[in-house]
Amino acid sequence: MIEWPPTFVNPERLWVLALIPLMIAGYIFLVLRKKKTGMRFTNTSILGRVVPKQSQWRRHLAVALSLAAMFALSFAWARPNGIEMVPRERATVVLVIDVSQSMQATDVKPSRLDAAKAAALTFIKALPSQYNVSLVSLAGNPSVRLPPTTDRVQATQAINGLKLQDSTSVGEAVYTALAALQLAPKGTDSSPAPGAVVLLSDGQNTAGRSPMQSAAEAKTQGVPIYTIAYGTDNGYVDLDGKRERVPPDKELLTNIANTSGGQMYTAEDLGQLDKVYNNIRSEVGQTPVKKETTALWAGYGLAFAVVAALAAVSLGARWP
Amino acid sequence: MSVQPGFAPPPEDLGAVGSVLAEPKSATIPLHKLAPEAALRRLELTIVRRLEGFLHGDHQGLLPGPGSEANDARAYVPGQDDVRKIDWAVTARTTVPHVRDTIADRELEIWALLDVTPSMNWGTEGVTKRDLGIAAIATIGFLSQKMGDRFGGLIMRPDEIKRLPAQSGRTALYGLLRRMLTEPIVSDHTTGPYTLAAGVQRLARAERRRGMRVVVSDFLTPGDFELDANVAPEWERPMRELAVRNQVLAVEVVDRHEVEFADVGELLIRDPETDFERYVNTSDEAARERMDAATAAQRERVRVALRRAGAAHIQLRTDRDWVHDIARFVLAYRRTAGMLHQPPAGVTK
């Protein structure tokens, strides 16, 4: 696909296009001068009747095509950029990792957050490489940390870079995850990308919209939410010199999973998580990628040049 | 060891070939090459029609010089006519100076009309058609150099007709030929009232004395693509008019490549007279054959029209020896002239 007007890597080379009007002027000059030369012949009244009129369009066509070829090749030389649609896998797994303060509880070794990170890393390592991964941090203000990508290195870095934040808003995080799914490569129609959400949390919802409402929304969008609960009932965190108990809300996570059509896991049966991606259907979408279209323009130039050459050959009186 | 190339170098003198590309600047043949005067002395042009001079008999008379019998009045041409011959009565009536011609008795008066329209400035061999026409006039002039015979010329340009007065003697003939050769070349696309028909009409009406008339032209009418010999070309009627009183010899000059269309690839072809301009693929074998056939039909139409008009017809080609052709014509003409120049029914010989 060609973007118009295209941008160029070497726009200064476009100055050679100035030669084309010069060539047109030169051609017109030569045509006019040829009109002054030519052969004198006396008996043209008979000649005009007998000899078929030689049409000039092939001659002009050859010249026009040559100029078009020059135009296209000048473009190619200036290295234009275009937008190319690259086929990409749409299926996306959104990892939602809880980074609320409760996740620093050490009832799970080394801490709930580190355990969740390790689990996430293990998961994306096991995830077949064609699937996109997106990362959403779950806190009072959930945000998309990584738009859908197949780049595992970026995903690893994003997971390792997660920091603790205040508050927990599971519902909002699910909505954010659904929004992240929209960022997946566009398909041929506007249907949402097939995907799944893996929610690693201890579940204590403290803010935002209702998690059950978000789960119902995920259900209508056909996105199952697989939840993994972290922590034990004895978990605690020290906040502002005050020890607070942070038992995981396993009931909430189970409900979310069940409502959205997913499943609830515990940290122990992480090995069964392959079910997550096995249930996602694969779908290929297309992403626009900015790409140099030099070869395309050079191809146009070549095509024009070939047709111009054929037209020039056909001008020859002695066509075999 | 030197390798001989398979082609010869082009000749030093290209002759009139340049006229194919641009109009020639001057005559392509010098005066002394127009006709071998000495060789032509023994030939004689047969004159079969009765000439003027009712007291003195036919052509084979002896009396020389301009006569004393008054003829028609015609406009005075400064530098050519004797002032003493001005007819004051006619001048006074018309307010235009007129001279009264006198009828020279019984000598032959030949008038040659030379077509110098741009289409005559063309030739692919040694000479252009115009210069071939002048050479034909020279040859016929030398053939008719009998005592007292006078030779005059009309140069028909598109814009004017120049009259070269009829005089006797070879010096006068040389003067006339030189005037014709040095006549400025008519540049292409010159417009004017005179076509061949108008020129012939002028010749028939202005020169009243009976005699011989030579019309030198290519007999091509610009824009006339008729091939049917039954359709009269526009000059046929004036020619017929001319032939009523005179013995007419039509010299048709053609170039070889007018008859055989040349294979020179694809190129722009322009007409020196009309605004015809067209790219023509001359390498098209079928088109060349059609062109040659059409040209042959066109020449046949010229021949038939001249025959109908009662004119003798000789075709000269720039690639042939015109003296040879004219000599052959003259020898055959001795036998056929009587038949050929039968005046129309009801007209005395």
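**Reading the core, sheet and interface of a predicted model**

Author: In this predicted model, Val214(B) touches Ile110(B), Ala112(B), Leu113(B), Ile137(B), Ile140(B), Leu249(B) and Val251(B), leaving aside residues up to four places away in sequence.

Reader: How should such a set of contacts be read, and which residues have the most contacts inside the largest nonpolar core?

Author: In soluble globular proteins, nonpolar side chains tend to be buried together. Here the largest nonpolar core has 65 residues, and those with the most contacts inside it are Leu113(B), Leu114(B), Ala136(B), Ile137(B), Val214(B), Val216(B) and Val251(B). Helix α3(B) gives the largest share of this core, 8 residues. A second, separate core comprises 57 residues, including Leu181(A), Val237(A), Ala257(A) and Tyr265(A).

Reader: Is helix α3(B) enclosed or open to its surroundings?

Author: Of the 15 residues of α3(B), 14 are buried, so the helix is largely enclosed by the rest of the structure. Its geometry can be checked as well. At 1.5 Å a residue, the 15 residues of α3(B), 129-143, should span 21 Å, and the end C-alpha atoms are indeed 21 Å apart, which agrees.

Reader: I turn to the sheet in chain B. In what order do its strands lie?

Author: Strands of a sheet pair through backbone hydrogen bonds, either parallel or antiparallel. In chain B, 6 strands form an open sheet with mixed pairing, in the order β5-β4-β3-β6-β7-β10. Its edge strands are β5 (161-168) and β10 (312-317) of chain B, each of which pairs on one side only. On average, neighbouring strands of this sheet are turned by 15° against each other, direction ignored.

Reader: How many bridges join β7(B) to β10(B), and what is the bridge partner of Ala250(B)?

Author: Strand β7(B), residues 247-254, runs parallel to β10(B) and is joined to it by 6 bridges. The partner of Ala250(B) in β10(B) is His313(B).

Reader: Which strands does helix α5(B) lie across?

Author: Helix α5(B), residues 196-206, lies across β3 (109-115), β4 (150-156), β5 and β6 (212-217) of chain B. The helix runs at about 165° to β3(B).

Reader: How many residues does each chain bring to the contact between chains A and B?

Author: Chain B contributes 34 residues and chain A contributes 23. On the side of chain B that touches chain A, β8 (266-270), β9 (277-281) and α8 (285-308) each supply at least two residues. The largest share of that side, 6 residues, comes from α8(B). By character, the residues on the chain B side divide into 16 nonpolar, 9 polar and 9 charged.

Reader: In what sense do β2(A) and β8(B) pair, parallel or antiparallel?

Author: Strand β2(A), residues 39-40, pairs with β8(B) in the parallel sense over 2 bridges. Arg40(A) stands opposite Arg270(B) in β8(B). Within chain B, Arg270(B) has Glu277(B) in β9(B) as its bridge partner. Strands β8(B) and β9(B) pair in the antiparallel sense over 5 bridges, and they form a hairpin with 6 residues between them.

Reader: Where does Asp275(B) lie, and does it count as buried or exposed?

Author: Asp275(B) lies in the loop between β8 and β9 of chain B. A residue counts as exposed if 12 or fewer other C-beta atoms lie within 10 Å of its own. Asp275(B) has 8 such neighbours inside 10 Å and therefore counts as exposed. Sequence separation is a separate matter: Asp275(B) and His189(B) are 86 residues apart in sequence, yet 7.8 Å apart in space, C-alpha to C-alpha.

Notes: Residues are numbered from 1 along each chain as its sequence is written. Chains are lettered from A and ligands numbered from 1 in the order in which they are written. This is a predicted model: local features need pLDDT of at least 70, side-chain atom pairs count only at pLDDT 80 or more; totals for chains, interfaces and linings use all residues. Two strands pair if DSSP finds at least two bridges between them. Helices (H or I, at least four residues) and strands (E, at least two) are DSSP runs, numbered from the N terminus. Axes are lines fitted to C-alpha atoms, for helices over the stretch in contact, and angles run from 0 to 180 degrees between N-to-C directions. Two residues are in contact if their C-beta atoms, placed from the backbone, lie within 7 Å. The expected span of a helix is 1.5 Å times one less than its number of residues. A residue is buried if 20 or more other C-beta atoms lie within 10 Å of its own, exposed if 12 or fewer, and partly exposed in between; C-beta atoms are placed from the backbone. Ala, Val, Leu, Ile, Met, Phe, Trp, Tyr, Cys and Pro count as nonpolar, Asp, Glu, Lys and Arg as charged, and the others, Gly among them, as polar. A nonpolar core is a set of buried Ala, Val, Leu, Ile, Met, Phe, Trp, Tyr and Cys residues joined through C-beta atoms within 7 Å.
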